[in-house]
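Visitor: Please take a close look at one part of this model: the aromatic ring pairs. How are the rings arranged, and where do they sit?

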Amino acid sequence: MPTIKNFEDLEIWQKSRILCQNIDKHCLKNNKFQKHDQNQIDRSSASVMDNIAEGFEREGNKEFANFLTMSKGSAGEVRSQLIRAFDRNYLDESTFLMLKDEAVNMSKMLSGFINYLKNSEHKGNKFNRNKENE
């Protein structure tokens with residue numbers, strides 16, 4: 001895997017950004033949603049994206065994997081909120097299924113990346129700096 005220097009270059013972060021954009025388009029700008037439901041799904045979808053960024057910036061695989069686990073939890077929270085939104089007739093079935101599939105795929109990608117980090121020989125950039133200074 002090539003060295004990635006910015007979290008914005010991670011496909012997983014890019015996909016989480018698209019998820020947030022779609023939540024904004026279909027949930028936050030949807031007049032059927034009650035304000036507290038909008039706030040909750042906005043915070044949890046943002047958490048998916050933000051935890052990927054924060055974990056990457058920690059520069060250690062163990063910490064990054066931990067933040068990805070939190071991100072995965074937030075993706076599950078988004079999925080649960082989408083189900084509730086569908087049950088409350090805030091979303092039509094096709095929009096619900098599209099957003100739910102995005103959240104499910106996000107969880108799968110996060111699981112795969114967590115496994116990759118846990119099994120990687122590379123332990124993180126912060127450990128490389130120490131070796132360069134020796």
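**Aromatic pairs**

Guide: This is a predicted model. With ring centres within 6.5 Å as the rule for a pair, the count comes to six aromatic pairs. Take Phe86 and Phe96. Their ring centres are 4.5 Å apart and their planes meet at 15°. Planes under 30 degrees apart count as stacked, so this pair is stacked. The pair links distant parts of the chain. Phe86 belongs to helix 3 (residues 61–87). Phe96 belongs to helix 4 (residues 93–119). The two residues are 10 residues apart.

Now the surroundings of each ring. Phe86 has a relative accessible area of 27%, so Phe86 is partly exposed. Phe96 has 8% relative accessibility, so Phe96 counts as buried. The cut-off for buried is under 20%.

Next comes a pair within one helix. Phe113 and Tyr116 are also an aromatic pair, and this one is stacked. The centres lie 6.0 Å from each other, with 15° between the planes. Both residues are in helix 4. They sit three residues apart, about one turn of the helix. Phe113 is buried, because its relative accessible area is 12%. Tyr116 is partly exposed, because its relative accessibility is 36%.

This pair also has company. Phe113 and Tyr116 join Phe56 and Phe64 in one aromatic cluster.

Terms used. Residues are numbered from 1 along each chain as its sequence is written. This is a predicted model: local features need pLDDT of at least 70, side-chain atom pairs count only at pLDDT 80 or more; totals for chains, interfaces and linings use all residues. Side-chain values use heavy atoms; hydrogens and water are left out. Rings of Phe, Tyr and Trp (its six-membered ring) pair if their centres lie within 6.5 Å; planes under 30 degrees apart count as stacked, over 60 as edge-to-face and the rest as tilted. Helices (H or I, at least four residues) and strands (E, at least two) are DSSP runs, numbered from the N terminus. Buried means under 20% relative accessible area, exposed over 50%, partly exposed in between (1.4 Å probe, protein chains only).
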